[in-house]
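Biologist: I have this one open in front of me. Could you take a close look at the surface for me, and then carry on to whatever else deserves attention?

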Amino acid sequence: MMRVLIVDDEPLARQELRILLAEAPDVQVIGECGNAIEAIGAINREAPDVVFLDIQMPRVSGLEMLSMLDPERMPRVVFLTAHDEYAVQAFEGSAFDYLLKPADPERLRKTLQRLRRDRPPQDMSALKGASELRRIPCTGVNRITLVPLEEVESIVSRPGGVYVVCADGQERFTELTLNTLQERSGFIRCHRQHLVNPDRVREIRLIEGGVAEVRTAGGGIVPVSRRFLGPLKARLSIE
Amino acid sequence: MLPQLPDLVASLLQQMGIYLVVAYLLSRTPLFLPLMRVSVRWRHKLACYAIFSVFCIMGIHIGMPVGGARANTPAIGAVLGGLLGGPVVGLAVGITAGIHRFLLGGSFALAAAIDIVVQGLLGGLTHRYLISRGRVRRLFSPALAAAITGIGILIELAIDLALVRPFGEALHTVSLIALPEFVANTLGAALFMSILIDRRSLLEEQSSAFSTKALRIAARADGLLRGGFDRENSSRVAQIIYEETGVGAVAITDREKILAFIGIGDDHHLPGTPISSPQTQDAIARNEVFFADGNEVAYACSIRRGCPLGSTLVIPLAGEDRRVIGTIKLYEPKSRIFSTINRALGEGIAKLLSAQILAGRYERQKALLAQSEIKLLQAQVSPHFLFNALNTIAAVIRTDPERARQLVHSLSAFFRKNLKRAGEEATLGDELEHVEAYLRIEMARFAGNLEVEVDVAEEFRHVRLPAFSLQPVVENAIKHGTSQLLGGGRVRICAAREGRDLLLSVEDNAGLYEERSPGDGLGMAIVDRRIRARHGDAYGVRVECERDAVTRVILRVPLETVPA
C-alpha cells in the first residue's frame, strides 16, 4: 500500500486529486493539508510514502518546505504546479516527478507506476540550492511567522513541541523537528533538548561536574550538557 | 608765395577724398563695429578713442601749409570722436592730436593745438547734451555732425585770431583758410557720418532678413519631422526650405538614400535613389559640414554631367548620441553665387531639424512604452491564473456541473475583457466587471477561504480611469495578501467621494504589503504611473498597511474628467 499525503492550498484541487488517486487500488490517501506548515507536522507524524505537493502556497512554498523536512525521513515528493516555470526546469531530468494542473489522469498513472517501481528514496541533490533553510516557520493563532535564522538565539525541545527562542526572549512554536533544525540550520547541539545559534553565543560559563551554560547575545541562558560541551567548544574554536 | 583761394578749396577737397576713402575702407572691417552704437563699455570707448585719434592726426597731415598755419581737417576726427564717444573720449582725442599738432611747430602751433582740444570737447558736450535729452538717434545725423564741425571751425578761427601774433599776419592767414576749412570739414564730417550709418543699416538689414527667414522656416517646419524622418515629411520640409531660402535646390537624405529633392535638377536627382555624391558620403562619415562654392572647392553633380547645379552645402543631421542620421543639402546653380546668409541659415536649419527628429523619436518611444505597459498588465495575469482556474473548473465539473458552467462563463468574460480593451481609458463600471469576473474564479479556487465585498455606488460607475487600473491591484491583494493567510481571507473594494475626487480602495486582511517586494511592485507602479500621466501628480496610488492586519491600496482619480 502506498500512503499518500496531498498538500495544496486549494480545496478543489485537493478534491480533484483525491478522486483521481482513488482509481488506483494500491494508493491510500492518509490526509490533506492546506499549507506547508500543516504538512510539515503531518509528514513528521505520519511519515507518508509519497507527498503530492503544490508549489504555490501561503508564506512557505512547496520548494521551501522541502528544506524544513528531516532529511533522514524524507518522503518521495511529486510536485504539482499550475504553470511550468522555474519548477519544471529544476526537476527536468532529475529523479523528481511533477504534474501539471489540471492533472491528466493518464500522466498521473505513469507517475504512480514510477513510484511503485522506484521504491528507494529520491536523490535530493537537484534541490540543493532551493533547499537551504533560511527562515523557520513558527505557528501562532491563524498566523505563520517566518523567523530568519539570524534572529534566533536557540531552539528548545519540550514535551509539548519544539520552540524557537528569539532575541526578544519570546518563544515560538514550530512544527520542525529538532533533528531537522540541527541538520539544516547550522545551529550547534549543546544539549539533548537544545540547539544554540553559534553567531549569538556571547559567553560559556563552566559549572561544576563538566556541565556549562551559554549566555546568548539576547541575554538568554542555554544549558550545555557534558556530552556536548566538547563538540561545542570545538565548533566555536575554543582550546 | 601764398596759394590762391580757389586752388586751396579744390586741393583741400581733393585730399578730403583720400581721407574719406580710408574711412570707407575701414568701415568695412569689424574695427568700426563699436562706433555704430552708443556704448558705455570702456572697451568700446577705448576703440572709439583710438580710431578717431588716428583720423584726427591723419586730418592734420592731409592739408597744406598756409603761412604759419595749415589748411587741414583734424576737426572731423575730434568732433566725431566727441559726438560718438562722449566728452572724455572727445577731450582725449583732442589732447592726443593737439599735442601732435603742437610738436609740428609753426606760428600757429599753440593755437591749432588748442583748437583741436576745444573741438573734441565741443563734440563730447553735444553728445552729453543729446544723451541727457534721450535723443540718441540724432547723434548719428550727418547734418548735426556738419553743424557741430562748422561751429568748431568758427571757434577755431576766433582762437587763431586771438592768440596768433602779429595780428595782421594772423588775419591774413585766417582769411585765406577760413572758407576751404569750413567747406572741407563740414562736408567731410557729414560724409563720414553717412558712411557709418550706411554701414550700420546694411548690417541691420542683413541680420533682420536673416532672422526673418530663420523664424519663418522654423514656424512652417515646426513639428513636421516629429511624425517621422521619412520621404513624405522630408519632402514637405524641403519644399518649405526651398521656398523660404530661395536657393536653387534643396535635398534631404538619410544615411543611404535621397528622401527628398526639390528645385533645379529634380529631373535626375530622384528621391529614393541611393546617395551618389562623395561629398555627402563624406559629410555623413565624418559628421562634418561640407561646403563647395564651385570656385575654390570644385563641385560637380555626380549624377549627370550637364547638371546646372554649381555649388552645394551639405550639413549632417545629428540624432541620438550625435550619430549622423542623414543630411540636408542646399544647392545653387552655376549662374548664382551661394550667399553667406543661406550658408548660415542652412546650418541653423539642420540643427532645428535634428532636434525635431529627436523629439519625434522620443515621442514615439513614449507611445510605444505606454502600449507595452498595457500589454504587460494584460500579460501579467495569464498563465498561473488560467491553469489554476481550469484545474478548479475540472474539479467542480464532477460535483456541480451547473456551477462549472458559470465558472467557464466568468473565465471567458475575464479573458474577453482582458484581451479586447485596446483603449487607454475605461469606466469604473467596466473595470468592476473585469474584476468581478476575476474574483468569481478566485473565490471558487479558494472555496470558503476567500470572502469578497464590493461596495461601489451606482453613481460612480461612469467615472473614467485608465484601463486595467483596478484588476492588478485586486490581483495583488489576493496573490500577495489573502492567499498567504492560513485562515480566511477578505477583500473589500469600495469607493468614496472626497471633494472632486474619487477614492477607490482595495483592502485585504493580510497586511503583508512590503515596499518593493519582488513582483509586487510592477503592476502597481504601472497603474500609479498611468493615473499620474493622465490626471496629474495630485492623483495616483497610495498604500496603507497595518502589519498583519490590513493592506489598503487607494487609487485617487478625478470624479469628472473633461471629455477629450
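Modeller: Happy to! Let me begin with what counts as a patch: its residues have over 30% relative accessible area and no salt bridge, and nonpolar side chains are joined within 5 Å. Please keep in mind that this is a predicted model.

By that rule, chain B carries a nonpolar surface patch of about 880 Å². Its members are Leu91(B), Ile95(B), Ile99(B), Phe102(B), Leu103(B), Leu110(B), Ile114(B), Leu121(B), Leu125(B) and Leu163(B). Two elements of chain B give two or more residues each: helix H4, residues 87-104, and helix H5, residues 109-132. The biggest share comes from H4(B), which supplies five residues. Ile99(B) is a good one to click on, as it sits in helix H4 of chain B. With a relative accessible area of 49%, Ile99(B) is partly exposed, because exposed would require over 50%.

For a contrast in cover, turn to helix H13 of chain B, residues 471-481. This helix is mostly covered, with nine of its 11 residues buried. The buried set consists of Gln471(B), Pro472(B), Val473(B), Val474(B), Glu475(B), Asn476(B), Ala477(B), Ile478(B) and Gly481(B).

The surface has a charged side too. In chain A, a patch of negative charge brings together Glu150(A), Glu151(A), Asp168(A) and Asp199(A). Glu150(A) belongs to the loop that links strand E7 (144-148) to strand E8 (152-158) of chain A. Its relative accessibility is 56%, so Glu150(A) counts as exposed.

Some strands of chain A are worth tracing as well. Strand E9 (residues 161-166) and E10(A) run antiparallel, joined by four bridges. Within that pairing, Val164(A) has Arg172(A) as its bridge partner. Together E9(A) and E10(A) make a hairpin with four residues between them, and Gly169(A) in the turn has a positive phi of about 90°. Strand E10 (residues 171-174) also pairs with strand E6 (residues 135-139) of chain A, again in the antiparallel sense, over two bridges. There, Phe173(A) in E10(A) stands opposite Thr139(A).

Now for charges that do pair. Side chains of opposite charge can pair when their charged atoms come close. Over all chains, a search of the whole structure finds 42 salt bridges. One of them joins Arg336(B) to Glu332(B), with the closest N and O atoms 3.6 Å apart. The two partners differ in cover: Glu332(B) is buried, because its relative accessibility of 3% falls under the 20% limit, while Arg336(B) is partly exposed at 40%. Another joins Arg286(B) and Glu288(B), at 3.8 Å from N to O. Glu288(B) counts as partly exposed, with 42% relative accessibility. A further one links Arg532(B) to Asp537(B), whose closest N and O atoms are 3.6 Å apart. Here Arg532(B) is partly exposed at 31%, and Asp537(B) is exposed at 63%. Salt bridges can also share partners, and in chain A they tie Glu203(A), Arg205(A), Glu213(A) and Arg215(A) into one network.

Finally, a few backbone details to check in your viewer. The peptide bond from Lys101(A) to Pro102(A) is cis, with omega near -5°. Pro102(A) lies in the loop between strand E5 (97-100) and helix H5 (105-117) of chain A. Chain B has a cis peptide bond between Arg165(B) and Pro166(B), with omega about -5°. Pro166(B) is in the loop between helix H6 (142-163) and helix H7 (167-221) of chain B.

Positive phi values turn up outside glycine too. Ala47(A) has a phi near 45°, and its place is the loop between helix H2 (36-46) and strand E3 (50-54) of chain A. With a relative accessible area of 39%, Ala47(A) is partly exposed. In chain B, Asp548(B) has a positive phi near 60° and is found in the loop between strand E13 (540-546) and strand E14 (550-558). Asp548(B) is likewise partly exposed, at 34% relative accessibility.

Notes: Residues numbered from 1 in each chain as written. Chains lettered and ligands numbered in written order. Predicted model: local features only at pLDDT ≥ 70, side-chain atom pairs only at ≥ 80, totals over all residues. Heavy atoms only, no water. Patch = residues over 30% accessible without salt bridge, like charges linked within 9 Å, V, L, I, M, F, W, Y side chains within 5 Å. Areas by Shrake-Rupley, 256 points an atom, 1.4 Å probe, with all protein chains shown as cover. Salt bridge = Lys/Arg side-chain N within 4 Å of Asp/Glu carboxyl O. Lys, Arg positive; Asp, Glu negative; His and termini not counted. Charge placed at Lys NZ, Arg CZ, Asp CG, Glu CD. Buried < 20%, exposed > 50% of the residue type's maximum accessible area, 1.4 Å probe, protein only. Pairing = 2+ DSSP bridges.
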